[in-house]
Amino acid sequence: MNSERPWRVAVLGPGGVGGLIGALLARAGHEVVFLGGPDSVRAVRERGMRVRSEMFGEFTVQAGAASELRAPVDMCLVAVKQNVLGDAVERVSPAALGDGLVVPLLNGIEHPAALRARYRPELVVPGVIRVASSRIAPGSVVHGSPFVEIDLASASAPSEWLDELVTLLAGAGVQAKARADESAMLWGKLFFLAPFALLTTAHRCAIGDMRTVHRKQLIDLVAELAELSNADGAPANVEAALRFYDEFPPEAQSSMHRDAEAGLPLELDAIGGALLRIAQRHAVPVPLTERLVADLTPLSKGSVSAGSRS
């Protein structure tokens with residue numbers, strides 16, 4: 001791998017996140033192939049990947065598109081939801097991947113282990129992304145936030161590979177940073193995401209009502225998850241979490257809430273289910289999390305089709 005030459009990049013999941021990052025990499029001169037279903041493949045082949053962004057403007061890139069990876073790449077960006085990860089990775093066989101890095105930008109904390117069971121462990125470099133970006137149609141995404149930030153960390157890959165990825169992403173306009181602790185990085189995202197996702201979906205509300213009308217429940221849930229995070233070896237700051245929610249625009253919605261409103265599959269197991277499994281492992285009581293997951297489970301089972309993640 002060499003960030004000074006064009007990389008060959010596969011993007012598994014050309015939705016809000018994958019479509020945006022893949023398009024930025026293609027615009028920066030890298031060879032990108034989007035891997036997805038028939039509608040996405042057809043749209044990208046016929047019209048390219050279209051982006052409308054407050055930060056990057058409007059642009060279209062021409063890129064490859066296929067239903068599965070057929071030639072080795074330098075990196076495979078995994079940008080599907082965890083609830084479809086098992087089926088999605090069938091599009092990328094270990095043999096076709098070759099020596100390429102696998103960079104998942106998924107919500108949750110359990111997916112790196114699943115990817116390391118399929119691919120060589122040293123190739124897996126988990127990341128977390130902070131962005132608001134949605135697929136509005138196959139091959140078309142809208143990026144609404146004035147930032148795109150990716151943190152990377154790996155318990156199995158050499159640190160110099162992370163540095164190469166940071167350089168690659170920065171060259172495409174993404175603010176990227178290598179972190180030292182994979183678990184702390186993943187927990188950091190989950191600790192802030194879980195209350196936002198679970199409460200806004202359970203109450204069918206935006207973050208403004210979550211932090212005012214339902215503030216007591218928010219405080220209780222954040223405190224409950226802070227205890228769980230601490231037990232799992234990742235110190236959490238309750239006050240920092242509450243300040244984080246208070247700084248968001250009041251109309252902001254979680255992707256889980258948007259998916260519920262659209263009748264799409266929820267990442268309930270990747271977020272709430274993972275928390276319950278960790279709590280069981282450490283014998284930490286999480287009654288509020290249990291109740292929210294139980295309340296949302298019927299809604300999750302009623303979802304019928306795949307959607308994009310922002």
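Biologist: Why does Pro-249 count as partly exposed?

Modeller: Buried means under 20% relative accessible area, exposed over 50%, and partly exposed in between, with a 1.4 Å probe and protein chains only. Pro-249 has 43% relative accessibility, so it counts as partly exposed. This is a predicted model, in which local features need pLDDT of at least 70 and side-chain atom pairs count only at pLDDT 80 or more, while totals for chains, interfaces and linings use all residues. Residues are numbered from 1 along each chain as its sequence is written, and side-chain values use heavy atoms, with hydrogens and water left out.

Biologist: Where does Pro-249 lie, and what does Pro-249 touch?

Modeller: Pro-249 lies in the loop between H10 and helix H11 (255-262); helices (H or I, at least four residues) and strands (E, at least two) are DSSP runs, numbered from the N terminus. Contact means heavy atoms within 4.5 Å. Leaving aside residues up to four places away in sequence, Pro-249 touches Ile-207 and Arg-211.

Biologist: Which residues of helix H10 are buried, and why are they said to line one face of the helix?

Modeller: In H10 (residues 238-246), the residues Ala-241, Leu-242 and Tyr-245 are buried. The buried residues of H10 fall within an arc of 95° when seen down its axis, so they line one face of the helix. The arc is that of the directions from the helix axis to the C-beta atoms. An α-helix has 3.6 residues a turn, so residues three or four places apart point the same way. The cover over the buried residues of H10 includes helix H7 (182-203), helix H8 (207-210) and helix H9 (215-231).

Biologist: What makes Asn-237 a cap of H10?

Modeller: A side-chain oxygen of Asn-237 lies 3.0 Å from the backbone nitrogen of Glu-239, and Asn-237 thereby caps the N-terminal end of H10.

Biologist: Which strands are the edge strands of the sheet?

Modeller: Five strands form an open sheet in the order S5-S2-S1-S6-S7, with parallel pairing. Strand S5 (64-66) and S7 are the edge strands, since each pairs on one side only. Two strands pair if DSSP finds at least two bridges between them. Strand S6 (residues 75-78) and S7 have four bridges, in the parallel sense. Across this pairing, Leu-77 stands opposite Val-103 in S7, and Val-78 stands opposite Pro-104.

Biologist: How do you know that both faces of strand S7 are covered?

Modeller: In S7 (residues 101-104), Leu-101 and Val-103 on one side and Val-102 and Pro-104 on the other are all buried.

Definitions and conventions. Polar contact = N/O pair within 3.5 Å; in protein donor to acceptor, adjacent residues only side chain to side chain.
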